[in-house]
Amino acid sequence: MLGQMQHHPLRIIDILTFSAEAFHSQGITSVMEDGRRTRHTYPELLARTGRLANALDRLNLQQGDRIATLAWNTHRHFELYYAVSGTGRICHTINPRLSAEQLVFIFNHAEDRAVFVDPSLVPLVAELRTRLSTLDHVVVMGGRADLPSDARDLLCYEDLLSAAPSDYDWPDLPEESAAALCYTSGTTGAPKGALYSQRATVLHALMVVAGHPQSLRNGRAVLPVVPMFHVNAWGLPFTAPLAGMDIVMPGRSLDGASLYTLIEQEHVFTAWGVPTVWAGLLQEIRSRGGPPGELGDLVIGGAAAPRSLIAAYEEMGINVNQAWGMTEMTPVGSRGLLPPEVRSASLDTRVDAQIGAGRRLFGVDFKLVDENGNRVAHDGQTPGELYVRGNTIISGYYNDPEATARAMDKEGWFGTGDVATIDATGRLIVRDRAKDLVKSGGEWISSIDLENTAVGHPGVRACAVIAVPHPKWDERPVLVIVPEGDARVTLDEMHRHLSDRFARWQLPDDILFVDALPMTATGKVSKLTLRQTFADFVLPDLREE
Ligand code: AMP
C-alpha cells in the first residue's frame, strides 16, 4: 500500500525563497575586490537573483546549458548559484588557480556557453578566450567601473541586473535535473566532472544542517573560507540560509590577519576551511594574544587536521569539528560531532576524540574493502579502501565512461581512493590515500600528470612524485628521478619544462635522485616504499640555515 502524501520535486531555489521569508533580516556580507564590504539581506538577494534569472533568459541561454563561474566568495557568486540552477541551467564553478591547460580542458569538456568572471580574473579569460570553443558570453561580475577600458565584448553584471525585473516564475524542474557541475583532479591527469542534481543538493543541505547542530546555529554568522569554486563551498551557500544564518563572504584575502579582522568585525561564530587556513589564523591569534571576537567553532576539512592544531583551538575554548568529504559527495560525508559524554571531558580526551574524520552523516553509507573488493571488518584496526553510497554521491562522472568504470563497483558504490579504518561506533579515520594525488593548501596536484610530463625531459629515465608533509600547505610534491646517464636536471630546468602545463603552486619543491624506483608485486612504483625511504627528507623551505 502506498502512502497518501503529496510529491513535489526538490528545488534549490526553494531554499532561497524560504530564507527570504523566514529569515528576512539575515543575509550576506561580502568583502569585494577593492576591500569594501557590502551587505544584502536574503529578500534583497532573492530579488537580485530574480533579475539575474531574467537576464540569463535574455542572453538566450537554454535550459541545460553550462554557465561557468571564475570567481571568489561573494554575494554575486551566491546569486549565480541560485539563478543558474533555479532556471534549469547548470552552474559550473571553475577553480581559477589551475593552469591554463587545465582551464581550457575543463571549459571545453563542459562546453560552457557563458562565463561570469570576477574583475581581477578578466585577464585570465582574455588569455584563454580564443581556445574556448563554445563560449558566447563573458560577464564581468561588477559594475561599470569594474570593466576594463577596452571591454568591447564584455557584459557588465550590474547592468544586466538593472535592466531586468526582479520577479521570476521559477520553473518546475524534475528533481533529478542537473543543477551544478564541479571538476576534480583526476588521478590519471584529466579532470573529472561531478554533476550535481537539484535533489542531491537539497538533500545534502538538509543532511548537513541536521548533522552540524553545534556549528549551523540560527542567528549566528558563518564564514566560508572554503572557496565557492571548489565543491560548492562545502554546501554552505545552501545550508547557511536554510539554517537562518548570516554568511560572511571573505573575498580574496584569506591570510591570518585579514581573517582575524573580518571574524572580529563581523561577529563570526563558525568558520569553515582547510587546515592551512586555520594554521595561518592561529599564528595571528598568537601574535595578537587571543582569539577574535565571538569565534566559537571551527569546521576543518579537505585534509586531516594535525593534533596540535586541534589542541591549540580547543585550549582557547573554540570547538573543533573535523569533516571529511569529496567533490563527488556534494561534498560532506562525515563530521566530528562529539558524543555528548565527551563534550565536557578533559582537554586531552576531547582532542583525542577529535582526531580523525568523525562519523558519517545520515544518508551516507560506508564500507571498507580490501584489494580484491571484499569487505573488511569495521573494527577500528583493519584498513580498507573506503566506498560510499547515498543520494548525494555521484553515480558516474560527467561524459567520462572510463573514469566512471574505474570509480564505481559492481554494487553501485563509489570508491573514494581513501584508505581508512572505521570502528564499531562508526568513527572514521583516514589513514592513507590510494589515489595518486598530492593535496597542497586544499587543492590537488596530480602525481601521474607531473610524472608523465617530467619523464619527457631528456635527463629523466624514470620518475615518481611523492607527497611530503608540510606544516603550512599540508603536503608538497617532490620529484624522485632516475637520471638518464650522468644527467642531473636542476630544479629550475625542471620547472621550466613543466611550466606550460602546470600552475606555479603545482610544481615540485625539490628533486631527489635514485638509481632505481622501488616496485610493488604488481609492477607499479611503490610510493609507500618511496615515502618510507625519504621519511626524514626536509623540504627546502623548512631547512634551517
Ligand atoms: P576534494 O574532492 O577536493 O574535496 O577532496 C576530497 C579528498 O580530500 C578526500 O578523498 C580525502 O583524500 C581528502 N580529505 C578531505 N577531508 C579530509 C579529512 N578530514 N581528513 C583526511 N583527508 C581528507
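Start at the ligand: one of its nitrogen atoms sits 3.4 Å from an N or O atom in the side chain of glutamine 322, which counts as a polar contact (a pair of N or O atoms within 3.5 Å). A ligand nitrogen is also 2.8 Å from a polar backbone atom of alanine 323, and a ligand oxygen lies 2.6 Å from a polar side-chain atom of threonine 327. On its own the ligand has 500 Å² of accessible area, and the protein covers 95% of that (Shrake-Rupley, 1.4 Å probe).

Keep in mind that this is a predicted model, where local features need pLDDT of at least 70, side-chain atom pairs count only at pLDDT 80 or more, and totals for chains, interfaces and linings use all residues. Numbering runs from 1 along each chain as its sequence is written, and side-chain values use heavy atoms, with hydrogens and water left out.

Back to the shell: 16 residues surround the ligand, and Ala323, Thr327, Asp418, Lys435 and Trp444 come nearest (near means a heavy atom within 4 Å). Strand 14 gives the most, with 4 residues.

Now hop over to strand 10 (residues 221-224), where Ala221 and Leu223 point one way, Val222 and Pro224 the other, and all are buried (under 20% relative accessible area, 1.4 Å probe, protein chains only). Strand 10 runs parallel to strand 11 (residues 246-249), joined by 2 bridges, and valine 222 has isoleucine 247 as its bridge partner there. Between these two strands the chain passes through helix 8 (residues 236-243), in a right-handed β-α-β crossover (clockwise from first strand over helix to second, with the strands pointing away from the viewer). Strand 12 (residues 268-273) is also parallel to strand 10, with 4 bridges.

Terms used. Buried < 20%, exposed > 50% of the residue type's maximum accessible area, 1.4 Å probe, protein only. Pairing = 2+ DSSP bridges. Polar contact = N/O pair within 3.5 Å; in protein donor to acceptor, adjacent residues only side chain to side chain.
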